[in-house]
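Hi,

Here is the structure I promised to send over. Have a look at it first, and then read on for what turned up.

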Amino acid sequence: QTDRIDVLRGPQGTLYGINAEGGIIRMYSKNPMNYQGTDLRMGIATGLCSNVEVAHYHRPSDNFAFSTAVFYNGQRGFFYNTNLDQRADKSNEAGGKIRLMWLPVDQLTFDFTADYQYVNQDGFPYGEYNNETHQFSDPSTTILNSYRRQMVTTGLNISYNMQDLLLSSVTSYQYIDDKMTMDQDYLPADYMRLEQMQKMNAVSQELTLRSTGNTSWHHTSGLFFSQKWLRTRGPVYFGDDMNKSILSYLGMPAAIAKLMTLTDNSVPGTFHTPQSNFGIYHESNISLTDQLRLTLGLRYDHQHVKIDYDTEAHFRLACDAQMMGRPVKFDSRYVSQFLSSTSEDYDQLLPKFALSYQFNSYGNVYAVVSKGFRAGGYNLQMFSDIFQTEQRSLGAKMAALMKGDMTVEHTEADYDNVNSTNSYKPEESWNYEAGLHLNLFGGRLHADLAAFYMRIQNQQLSVLAGNYGYGRMMVNAGRSASSGIELSLRGSAFDDRLTWSA
């Protein structure tokens, strides 16, 4: 169970690196060294939603403690698939967690956590929206959309306290095995469906040295490394209704197209997208005076991303009929394949500057300038769109396909175009923020006021892929900005028996 949650706003890239551009949320589970007992939580709600969680915290000796927990969440669902005559959003999720803490000596702590989760749920119960009646139709897909995932996460935190310094080592490993099935047109007709199966292994290692105690100079330095291996298989299948539509645009008269059959039409593919990340960082908090504090931080991050792809489009075009008094019979196979690899390297410097002035016990005023970034990567679903563009441009080549099998040969220029299209750049941002924190009326009222402006370069946007929208892809915008003001108030009254916030 959760002990506390910290929300850090704005780019936190100096200390936390990649993908901490908008801030981070730190969640702390209960520490069995400080909390013992057995907790039980149960709930039930409409849609037959139910959950149960059992957690036990035990400290058998002064230098050893452990906790174990198991949980289950499930629901029968709220949406009904009218085409399949069954529920469209059933869900089951279960898992368990164990935590072991050992203090062989006062200065040394070992903290090990292992977590397993299993999810099996129906998903994407989308229905058509009627602009006139302002009502949503029930889902009516050809297949039942679903998502299944197994996930194992382990972590070992070793810390050594050296009076004024704390040395920490955090090692983690994560394994994910999942499968998503989606009817991409969300219609009762059989147009297209996607299967996406992923297996991921990821390891990370971080070493951190930070100061402790009440000194005028607080500092944190660290090294970080991570490696992720991800294999994705994502075949797209085109159904009978889509095949009938494709025949109408392959460059043949409608009367001839009706005599032909298109089968075995799919876009299978296997993609390996390993990523590695290395970072080195330092941040200092220096007390210039009793009230004025300066923060200086800098991080260097190197990211290497790669894609190995083996994907193709294929279909069979057949005919056994009479055309203009003559028999026409053929059964031809069309194949177009892309097999290659490409990689990119990105380097980032992430500085941070901040000033804070403390008004004794009344609060402080601050100003922060920081840089953040979000990792780049590769689009996988856009290959289906590339192949469909090729097929729509067959035109005069249809005569050759009617005479025998056809294999499309791709040039170096074709591969250059694919490699430049399927990648997207890291997103970079500069964040400027100023604000104040006030404690008023003897601590009974807390006020936070902040104004911010963020300038973003290469902002990552999710759009429909290419010409025909078979799936989604990430693209980079040229420039964008975000600005705003935030005010929050919280307080207490009647000897802290009443608390409020706004």
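To start with a small puzzle: over the ring of which residue does the charged end of Lys30 sit? Keep in mind that this is a predicted model. The ring is that of Tyr35, and the charged end of Lys30 is 4.2 Å from its centre. Arg4 does something of the kind with Tyr28, lying over the face of the ring at 3.9 Å from the ring centre.

On to the ring pairs. There are ten aromatic pairs in the structure. Take Phe124 and Tyr126: their ring centres are 6.4 Å apart and the planes meet at 55 degrees, so this pair counts as tilted. Both partners are partly exposed, Phe124 with 22% relative accessibility and Tyr126 with 46%. Add Tyr186, and ring pairs link the three residues into a cluster.

Phe338 and Tyr415 make another pair, with centres 5.3 Å apart and planes at 80 degrees, so they are edge-to-face. Phe338 belongs to strand E21 (residues 326–358) and Tyr415 to helix H6 (residues 412–421), so the pair ties together parts that are 77 residues apart in sequence. Phe338 is buried, at a relative accessible area of 1%. Tyr415 also counts as buried, at 19%, because the cut-off is under 20%.

Phe338 turns up again in the largest nonpolar core, which has 38 residues. Along with Met260, Tyr309, Leu317, Phe383 and Leu401, Phe338 touches the most other members. Strand E20 gives this core its largest share, nine residues. Another core lies apart from it, with five residues, including Ile176, Met200, Ala202 and Leu230. As a general point, nonpolar side chains in soluble globular proteins tend to be buried together.

Some nonpolar side chains are at the surface, though: Leu207, Leu223, Phe225, Phe278, Ile280, Leu298, Tyr300 and Leu349 form a nonpolar patch of about 690 Å². Which strands each supply at least two of the patch residues? They are E15 (217–233), E19 (275–287) and E20 (292–323). So E20 contributes to the patch as well as to the largest core. Leu223, one of the patch residues, is located in strand E15. With a relative accessible area of 40%, Leu223 is partly exposed, because that value falls between the 20% limit for buried and the 50% limit for exposed.

Have a look at the patch and the ring pairs when you get the chance.

Cheers

Technical notes:
Residues numbered from 1 in each chain as written. Predicted model: local features only at pLDDT ≥ 70, side-chain atom pairs only at ≥ 80, totals over all residues. Heavy atoms only, no water. Patch = residues over 30% accessible without salt bridge, like charges linked within 9 Å, V, L, I, M, F, W, Y side chains within 5 Å. Areas by Shrake-Rupley, 256 points an atom, 1.4 Å probe, with all protein chains shown as cover. Salt bridge = Lys/Arg side-chain N within 4 Å of Asp/Glu carboxyl O. Helix = DSSP H or I, 4+ residues; strand = E, 2+ residues; numbered from the N terminus. Buried < 20%, exposed > 50% of the residue type's maximum accessible area, 1.4 Å probe, protein only. Core = buried A, V, L, I, M, F, W, Y, C linked by side-chain atoms within 4.5 Å. Phe/Tyr/Trp six-rings, centres within 6.5 Å; stacked < 30°, edge-to-face > 60°. Lys NZ or Arg CZ within 6 Å of the ring centre and 35° of its normal.
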